Structures are given as C-alpha cells and as structure tokens.
Amino acid sequence: MQDVPELVAQAREGRPRAVARLISLVEGASPQLREVMAAMAPLAGHAYVVGLTGSPGVGKSTSTSALVSAYRRAGKRVAVLAVDPSSPFSGGALLGDRVRMSEHTSDPGVYIRSMATRGHLGGLAWAAPQAIRVLDAAGCDVIIVETVGVGQSEVEIASQADTCVVLLAPGMGDGIQAAKAGILEIGDVYVVNKADRDGADATARELNHMLGLGEARGPGDWRPPIVKTVAARGEGMDEVVEALEKHRAWMNEHNILTERRAGRAAREVETIAVTALRERIGDLHGDHRLGALAARVVAGELDPYAAADELIAALTAAGSSAGPAATGSSGAGDSGGPSRPGDNSVAVC
C-alpha cells in the first residue's frame with residue numbers, strides 16, 4: 001500500500017517518481033484510487049488543458065514537442081499526457097512519444113507521461129481524466145493531452161480539454177473531407193502542419209470555407225483561427241501559443257471556461273456512477289432476479305424495457321438500503337492491470 005498523503009506532498013514538490021506512482025494508481029484502478037482523488041480535488045483546477053488531435057501522420061508528437069518548447073520559452077511548467085494505441089492482440093503499445101520528445105527529458109520544468117489506450121475508444125485512455133487531475137495538482141501550468149491518431153468520429157478530446165487543437169497536413173484529403181462532420185467540428189484552433197509542402201495554402205482555404213459554412217457566429221463569438229506551422233523546425237509555434245492564449249482569454253471573458261470545466265466534471269461523475277452500476281449488474285449474472293426476469297421476457301409476460309425497469313428498481317432499492325457501493329474504478333473500461341511506477345514517465349514540472 002502506498003502512503004498517499006506522502007506521495008501527494010512529494011508530487012507538489014515536483015518529484016517525478018511521486019507523480020508517476022499516483023498516475024499508476026489511477027491506471028491500475030487501485031483500491032487507493034478514491035483516497036488519491038480525494039487528496040487531489042482541493043489542489044487541482046489551475047492548469048490550462050490543451051487537447052491536440054488529428055489523423056495519423058499529421059505530426060502530432062512533433063507538434064506537441066514544439067509546443068512544449070514554445071511554452072517553456074514563456075516560462076510555463078508543462079506536462080504532456082500522450083496517448084498511444086494498444087495492440088488488440090498482445091495489449092502492448094509502442095510509446096513512441098518519448099522518442100520524439102527526448103529533447104525535453106532533462107528539463108525539470110517538463111513532465112511527460114505516455115499512456116496506452118488499453119482498448120478504450122475515442123482517442124484517449126480511460127484513465128485520462130484522473131491523470132489530468134494528478135498533473136494539475138502537481139503544479140503544472142499547462143497540460144497538453146495528445147490523442148492517438150484518430151478518425152472522423154473520435155472526438156472524446158473535446159470533452160476533456162479547455163481548448164482543442166485540430167492538426168491537419170497537406171495531402172490528407174480533398175475539400176469533401178473538410179466538409180464532413182466529426183473531428184473537424186471540434187476545433188477551437190486549427191493548425192495546418194507541414195506548411196512547407198505543396199497544398200498547404202489549399203488546405204487552409206478549404207478549412208476556412210468549412211468554417212464559413214458552419215453555424216452562424218455573432219459579434220463577439222469565437223471564430224477558430226487557422227495557423228500554418230512547420231513543427232519539425234519549430235516554425236509557427238509561437239503563433240499557435242498566441243492563438244491558444246487568445247482563446248483562453250475569450251473563454252474567461254465569457255465565463256465559458258468555467259462552464260466547460262463544470263461539464264467535464266459532470267461527465268466524469270456520470271462515468272464513475274455508470275461504471276459502479278455496471279459492476280453491480282455484472283454481479284447479477286446467475287442471480288435469481290435476473291434469471292426470473294429473463295424467463296418472463298421469453299414467455300412474453302414482460303417486454304425487455306419493463307424488465308429493465310424492474311431490475312433497476314431492485315438495484316436502487318438494494319443500493320439505498322446498503323449505502324453507496326464501494327468501487328475502486330473511476331473510468332469507463334478495464335485498466336488491463338496496474339502499471340509499474342515510473343515506467344512511462346520523464347521529468348516533472
């Protein structure tokens with residue numbers, strides 16, 4: 001068992017091993033997870049969370065590294081939560097972000113944590129919300145969450161970040177792709193990376209046209225800017241930081257940042273509650289109540305919805321008489337087993 005208060009104190013002092021162990025408790029759905037989150041709650045809420053997403057090959061990891069450098073020049077302490085896909089066969093993952101961000105490994109003002117999706121869909125790992133809270137409580141000014149290479153409908157990052165950056169690159173599709181619903185509708189800032197390639201100007205024009213066809217915006221509404229970069233050379237990254245800070249200021253001015261964070265907390269609470277209910281229902285397999293209801297559905301005495309209502313009523317009655325269910329899980333899926341402390345971590349802010 002870990003000494004959670006001591007780990008929290010060390011994390012606040014900027015010790016990377018303590019932060020790594022706390023995130024490992026989150027990833028492993030440790031029985032101490034509730035204690036960790038209770039300790040983190042009053043310390044979090046100060047970091048600016050930037051989500052960075054895009055299709056495979058647009059340069060997300062390179063852009064993340066360049067963005068870290070730009071924020072470090074501004075004197076910010078930065079954390080990176082980089083999500084990589086897991087193999088559906090072995091469960092393993094190549095955590096390649098640490099290779100591309102090796103220039104920051106010796107910087108005490110940067111913390112990099114790689115996380116595998118472990119089968120969770122949507123572009124993020126299921127433990128990402130709690131990991132963000134740990135990094136926030138550790139005193140980081142900016143947390144960059146880099147998703148896996150996503151498709152058109154994997155937009156979970158929009159519900160986890162204060163500002164969402166969508167990366168594109170020339171040659172990734174035509175104007176029809178730019179008009180499709182999904183990932184291209186979630187951006188607060190759009191970045192056309194690899195702008196030294198042919199077609200970068202056309203990609204920016206198509207994006208601008210797509211934004212013009214979107215929902216009507218009134219005076220004072222935010223219109224997502226389009227920034228062209230060459231992340232491999234660090235070109236344009238200061239302009240990206242400027243766009244992010246303008247969006248942050250606009251959100252603060254219109255009270256939207258508070259609303260987004262409240263919505264994020266609501267979804268997190270809902271996920272934890274649904275997971276707890278799912279665990280209770282899972283315990284019913286073989287239970288006589290579920291079997292009896294199933295038999296009545298087969299006999300035509302009940303429809304499935306009425307049977308589900310009876311089951312929920314029974315679960316609610318049992319929960320109110322027994323008190324809140326104790327569960328160590330706080331995510332939407334199976335963690336796949338605990339991580340070893342420090343395995344996927346670099347320095348700490």
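In which helix is the place of Thr64? In this predicted model, Thr64 belongs to helix α4, which covers residues 60–73. Its relative accessibility is 0%, and Thr64 therefore counts as buried, the limit for that class being under 20%. When neighbours within four places in sequence are left aside, the residues in contact with Thr64 are Leu52, Val80, Met101, Ile144 and Glu146. Two of these partners, Leu52 and Glu146, are also bridge partners of one another, Glu146 being placed in strand β4.

Leu52 leads to strand β1, which is formed by residues 48–54 and is mostly covered, with 7 of its 7 residues buried. The burial extends to both faces of β1: on one side Tyr48, Val50, Leu52 and Gly54 are buried, and on the other side Val49, Gly51 and Thr53 are buried as well. Strand β1 is joined by 5 bridges to strand β4 (residues 142–146), and the two strands run parallel. A parallel arrangement is likewise found between β1 and strand β5 (residues 163–168), which are connected through 5 bridges; here the partner of Gly54 is Leu167 of β5.

The nonpolar interior can be described next. In soluble globular proteins, nonpolar side chains tend to be buried together. In the present model the largest nonpolar core comprises 47 residues, within which Leu22 and Ile143 have the most contacts. To this core helix α2 (residues 16–27) gives the most, contributing 7 residues. Ile143 is in contact with Ala47, Tyr48, Val49, Val50, Ala79, Ile132, Leu135 and Asp136, if its neighbours within four places in sequence are disregarded. Among these contacts of Ile143, Tyr48, Val49 and Val50 are buried residues of strand β1. Another core, of 33 residues, lies apart from the largest one and includes Leu67, Val78, Met237 and Met251.

Enclosed space was also examined, and the structure holds 2 cavities of 30 Å³ or more. The largest cavity contains about 50 Å³ of space, and its lining consists of Leu52, Ser63, Leu67, Val165, Leu167, Val191, Met237 and Val240. At least two residues of this lining are supplied by each of α4, β5 and α9. Several lining residues recur elsewhere in this description: Leu52 is a contact of Thr64, Leu167 is the bridge partner of Gly54, and Leu67 and Met237 are among the members of the core of 33 residues.

Charged pairs form a further part of the picture. Side chains of opposite charge can pair when their charged atoms come close. The structure holds 14 salt bridges, one of which joins the side chains of Arg72 and Asp107 with an N to O distance of 2.9 Å. Because Arg72 lies in helix α4 and Asp107 in the loop between α5 (97–100) and β3 (110–116), this pair ties together parts that are 35 residues apart in sequence. Arg72, at 26% relative accessibility, counts as partly exposed, whereas Asp107, at 18%, counts as buried. A salt bridge is also formed by the side chains of Arg15 and Glu13, at 3.2 Å from N to O; Arg15 is partly exposed, with a relative accessible area of 43%, while Glu13 is exposed, with a value of 55%.

In helix α9 (residues 237–253), Glu242 and Lys246 are 4 residues apart and are therefore separated by about one helical turn. These two residues form a salt bridge in which the closest N and O atoms are 3.5 Å apart, and Glu242 is partly exposed, its relative accessible area being 44%. In addition, Asp162, Arg261 and Arg264 are joined into one network by salt bridges that share partners.

Finally, Glu310 is found in helix α12, which spans residues 304–322. With a relative accessibility of 36%, Glu310 counts as partly exposed. Glu310 touches Leu293, Arg296 and Leu302 when residues up to four places away in sequence are not counted. The C-alpha atom of Glu310 is separated by 9.7 Å from that of Leu290, a residue 20 positions apart from Glu310 along the chain.

How values were computed
Residues are numbered from 1 along each chain as its sequence is written. This is a predicted model: local features need pLDDT of at least 70, side-chain atom pairs count only at pLDDT 80 or more; totals for chains, interfaces and linings use all residues. Side-chain values use heavy atoms; hydrogens and water are left out. Buried means under 20% relative accessible area, exposed over 50%, partly exposed in between (1.4 Å probe, protein chains only). Two strands pair if DSSP finds at least two bridges between them. Contact means heavy atoms within 4.5 Å. A nonpolar core is a set of buried Ala, Val, Leu, Ile, Met, Phe, Trp, Tyr and Cys residues joined through side-chain atoms within 4.5 Å. A salt bridge is a side-chain nitrogen of Lys or Arg within 4 Å of a carboxyl oxygen of Asp or Glu. On a 1 Å grid over the protein atoms alone, a cavity is a set of points where a 1.4 Å probe fits but cannot get out, and a pocket is an open set with protein on both sides within 12 Å along at least five of seven lines; lining residues have an atom within 4 Å of a point. Grid points are joined across faces, edges and corners, and a volume is the space filled by probe spheres set on the points.
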